[in-house]
Amino acid sequence: MAKTHITMTVNGEAVEGLVESRTLLVHFIRENLQLTGTHIGCETTHCGACTIDIDGMSVKSCTMFAVQAEGAAITTIEGVANADGTLSALQEGFRQMHGLQCGFCTPGMILRAQRLLQENPTPSEEEIRFGIAGNLCRCTGYQNIVKAIQYAAAKINGTEFQEAAQ
Amino acid sequence: MITGQFDYHRPATVAEAVKLLASLGEDANLLAGGHSLIPMMKLRLAAPEHLVDLHGIAALKGIGREGDTVVIGAMTTQHELLADDTIAASLPILRETALLIADPQVRYRGTIGGNVANGDPGNDMPALMMTLGARYRIEGPSGTREVAAAEFYQGAYVTALEPGEIVTAIAIPAPADGHGYAYEKLKRKVGDYATAAAAVMLTMDGGTVASCAIGLTNLSDTPLLADEAAGIVIGTNLDDATLKKAAAAAEAIMSPAADTRGPVEYRKHVGGIMVARALTRAAGRAGAAG
């Protein structure tokens, strides 16, 4: 089957590749671009581990074909850290609040949370939980994931992070 | 998991898409948000030889008004519906329903056109569109036509859409000022289809129901309008006896499948409860007759 030449911007860099029409975007990112931080959990649109940012949208990259991303601007977990290599506010939040256990869902959680905070810089706990409803943590560590996002929101907004009373 | 092989097409206009469908024949599928089709293709329950991706057609996007009608382009995403001021002001029930569809990632990709045109009885928008009296604008090889949502659904995944036709927009009459609305959806978890769901649009006049429409999701092979139940509540103040009667009338037309969401009797029972709750909540929201 003929392959299609595609170009896109991933983490600020222009990339290209030859793909079959049926190549899923997540396979292109992991196998062609060798960016394996984006995880494949269920591959059935349920778990959100493959979540990336495409043109301002959180997208499950297992449910989009690579050819559909022609010309798109994509951010993966590899592009999340600050330019000087230090951790982003969200990465720092996940570290400080113990927002990961096995870590498998973490790249998807961080990419989703980043878009969520851009759309709503001061989310309530309920809004955070609603906003990450498409990302599953099989360790069920949601409590600390929510705290990590609250920590990041406070840091970005320059306010003090206060853990809610248990 | 990987899909079967296919050729990918990305037309820039509706006319070009219609032409492509005509030349490719029945081996071609339209690709909108893809969040129903791509999973089906991975399971090889769908194996189209050609995919015609509608994302390149700018004319299929956007929300506007034509007089008293709200017109929504078929490729408008659920996320865009949620962010739109016209929808929030004129059709808040659309917002309430979109928030109950799947999860945030799916709503960024999932489109209203795909949701209504796919014919999946589990989708939420079809029953709502019937409740709102919406009409679907369709373009095909023999020109354009409109079909009422209430006449569109013929069976599970069987619709009035002819081969080669595309739903291009959805036209919804703007509801009266002060109307009450509610979409009640029972589901097992975020992202699930409804175990049972009910849409209600009504107006109140002096404490009694002046007009009412009720739609039902995932309680039959097609979305349903519960006309008899709606008739029962008109002229009443929605007292308990009336709510019970309306729920029973709605249950009488339900024929859900027994599946992992529960046996038939359970799904009908909770379907009636969704109707009663939606009626109560809609009435609570209704203001003075507009």
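Helix 2 of chain A and helix 3 of chain A are oblique to each other, because their axes cross at roughly 130° and an angle of that size is neither under 35 degrees, nor over 145, nor from 65 to 115. The model in which they occur is predicted. This briefing covers the packing of helices in chain A, the domains of chain A, the contact between the chains, and the sheets and helices of chain B.

**Helix 2 and helix 3 of chain A**

- Helix 2 of chain A comprises residues 89-96 and helix 3 of chain A comprises residues 106-119, and their axes come within 10 Å.
- The two helices, helix 2 and helix 3 of chain A, form a right-handed crossing.
- From helix 2 of chain A, the residues that make this contact are Leu90(A), Gln91(A) and Phe94(A), and they meet Thr106(A), Ile110(A), Ala113(A) and Gln114(A) of helix 3 of chain A.
- The residues of this contact between helix 2 and helix 3 of chain A comprise 4 nonpolar, 3 polar and no charged.

**Helix 2 and helix 5 of chain A**

- Helix 2 of chain A also packs with helix 5 of chain A, residues 142-157; the axes come within 8 Å and cross at roughly 135°.
- That angle makes helix 2 of chain A oblique to helix 5 of chain A, and the crossing is right-handed.
- Helix 2 of chain A contributes Ala89(A), Leu90(A), Glu92(A), Gly93(A), Phe94(A) and Gln96(A) to the contact, while helix 5 of chain A contributes Ala148(A), Ile149(A), Tyr151(A), Ala152(A), Lys155(A) and Ile156(A).
- By class, the residues of the contact of helix 2 with helix 5 of chain A are 8 nonpolar, 2 polar and 2 charged.
- Leu90(A) and Phe94(A) take part in the contact with helix 3 of chain A and also in the contact with helix 5 of chain A.

**Domains of chain A**

- Chain A is divided into domain 1, residues 4-79, and domain 2, residues 89-157.
- The C-alpha centres of domain 1 and domain 2 of chain A are 21 Å apart.
- Domain 1 of chain A gives 15 residues to the contact between the domains, and domain 2 of chain A gives 12 residues.
- On the side of domain 1 of chain A that touches domain 2, strand 3 of chain A (residues 51-54) gives the most, with 3 residues.
- The residues on that side of domain 1 of chain A divide into 5 nonpolar, 9 polar and 1 charged.

**Contact between chain A and chain B**

- In the contact between the chains, 21 residues of chain B meet 23 residues of chain A.
- On the side of chain B that touches chain A, two or more residues come from each of strand 1 (7-9), helix 2 (37-42) and helix 6 (104-109) of chain B.
- Helix 6 of chain B gives the most to this side, with 5 residues.
- The side of chain B that touches chain A has 10 nonpolar, 7 polar and 4 charged residues.

**The parallel sheet of chain B**

- An open sheet of 3 strands in chain B has the order 1-3-2, with parallel pairing.
- Strand 1 and strand 2 (28-31) of chain B stand at the edges with a single partner strand each, so one side of each has no neighbour in the sheet.
- The twist from one strand of this sheet to the next averages 25°.
- Strand 2 of chain B is joined to strand 3 of chain B (residues 50-53) by 4 bridges, and Leu31(B) stands opposite Asp53(B) in strand 3 of chain B.
- Helix 1 of chain B (residues 14-24) packs on this sheet and touches strand 1, strand 2 and strand 3 of chain B, with its direction at about 170° to that of strand 3 of chain B.

**The antiparallel sheet of chain B and its helices**

- A further open sheet in chain B has 4 strands in the order 11-12-13-14, with antiparallel pairing.
- Strand 11 (180-186) and strand 14 (224-225) of chain B are at the edges, each with a single partner strand, so one side of each is left without a neighbour in the sheet.
- Strand 11 of chain B is joined by 7 bridges to strand 12 of chain B (residues 196-205), and Gly180(B) stands opposite Leu202(B) in strand 12 of chain B.
- Helix 11 of chain B (residues 264-285) lies across strand 11, strand 12 and strand 13 (208-217) of chain B, at about 30° to strand 12 of chain B.
- Helix 10 of chain B (residues 240-253) packs with helix 11 of chain B at an angle of about 135°, and their axes are 8 Å apart.
- This angle makes helix 10 of chain B oblique to helix 11 of chain B, and their crossing is right-handed.

Notes. Residues numbered from 1 in each chain as written. Chains lettered and ligands numbered in written order. Predicted model: local features only at pLDDT ≥ 70, side-chain atom pairs only at ≥ 80, totals over all residues. Axes fitted to C-alpha atoms, helices over the stretch in contact; angles between N-to-C directions. Left-handed = near helix turned anticlockwise from the far one by under 90°. Contact = placed C-beta atoms within 7 Å. Nonpolar A, V, L, I, M, F, W, Y, C, P; charged D, E, K, R; others polar. Pairing = 2+ DSSP bridges. Domains from an automatic or database assignment.
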